[in-house]
Amino acid sequence: ILGKFENGEKTVTQVLEKVEDAILCVETFESNFSLDNAVGDQLDTIGQFVGAKRKLDFTPSDSSSSTLSDDDYRFLIKSKIAQNSWNGTTEGLENIWSNMFPESTLIIYDNQDMTCNMLLMSSLSSIQIDMLMNNMLLPRPNGVHYEYSFVTKTLFGYNKNDSQFA
């Protein structure tokens, strides 16, 4: 009987080790695939899930690589998540912008002819501008054309004084 018990203890130990491995995997999954912490292949997996590609379909204006760095790719993934949850309203678009660029302003002029003029008061990186101009950052209804204008200096703002209005 003692021999059977020793083998049973070994079997239980082996099973519990496998269960412990599975529990550890589940416990670390959230931190390993957190968008803010993910790198490399982890980001690629998240990007595939939300529909964002690391390799750009265009050559960046600064002639850098058309494969996004982890930081730029993370930014694109966050943008894609916001696009996937957009409610289709102008206010929703402004909310997406303010979450992506909290230190900037987006003013949308709907021309009521399937075009919108977008006034951007922000300092974006060259790759972010390229992605914006190639319709990768903001959701856009089919058939609607966005025309972007960038403001890099402060604008007159009555009774307002911050980094964009003075």
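Two strands pair if DSSP finds at least two bridges between them. Strands (E, at least two residues) and helices (H or I, at least four) are DSSP runs, numbered from the N terminus. This is a predicted model: local features need pLDDT of at least 70, side-chain atom pairs count only at pLDDT 80 or more, and totals for chains, interfaces and linings use all residues. Residues are numbered from 1 along each chain as its sequence is written, and side-chain values use heavy atoms, without hydrogens and water.

**View 1. The hairpin of strand 1 and strand 2.** Strand 1 (residues 105–110) pairs with strand 2 in the antiparallel sense, over six bridges. D110 has C116 as its bridge partner. Four residues lie between the two strands, and Q112 in the turn has a positive phi of about 60 degrees.

**View 2. Strand 2 beside strand 3.** These strands run parallel and share seven bridges. N117 has its bridge partner, E147, in strand 3. From strand 2 the chain passes through helix 5 (residues 126–133) to strand 3, a right-handed β-α-β crossover (with the strands pointing away from the viewer, the path from the first strand over the helix to the second runs clockwise).

**View 3. The open sheet of three strands.** The order is 1-2-3, with mixed pairing. Strand 1 and strand 3 are at the edges with a single partner strand each, so one side of each has no neighbour in the sheet.

**View 4. Strand 2 (residues 115–121) in its surroundings.** Five of its seven residues are buried (under 20% relative accessible area, 1.4 Å probe, protein chains only), so strand 2 is largely enclosed by the rest of the structure.

Terms used. Buried < 20%, exposed > 50% of the residue type's maximum accessible area, 1.4 Å probe, protein only.
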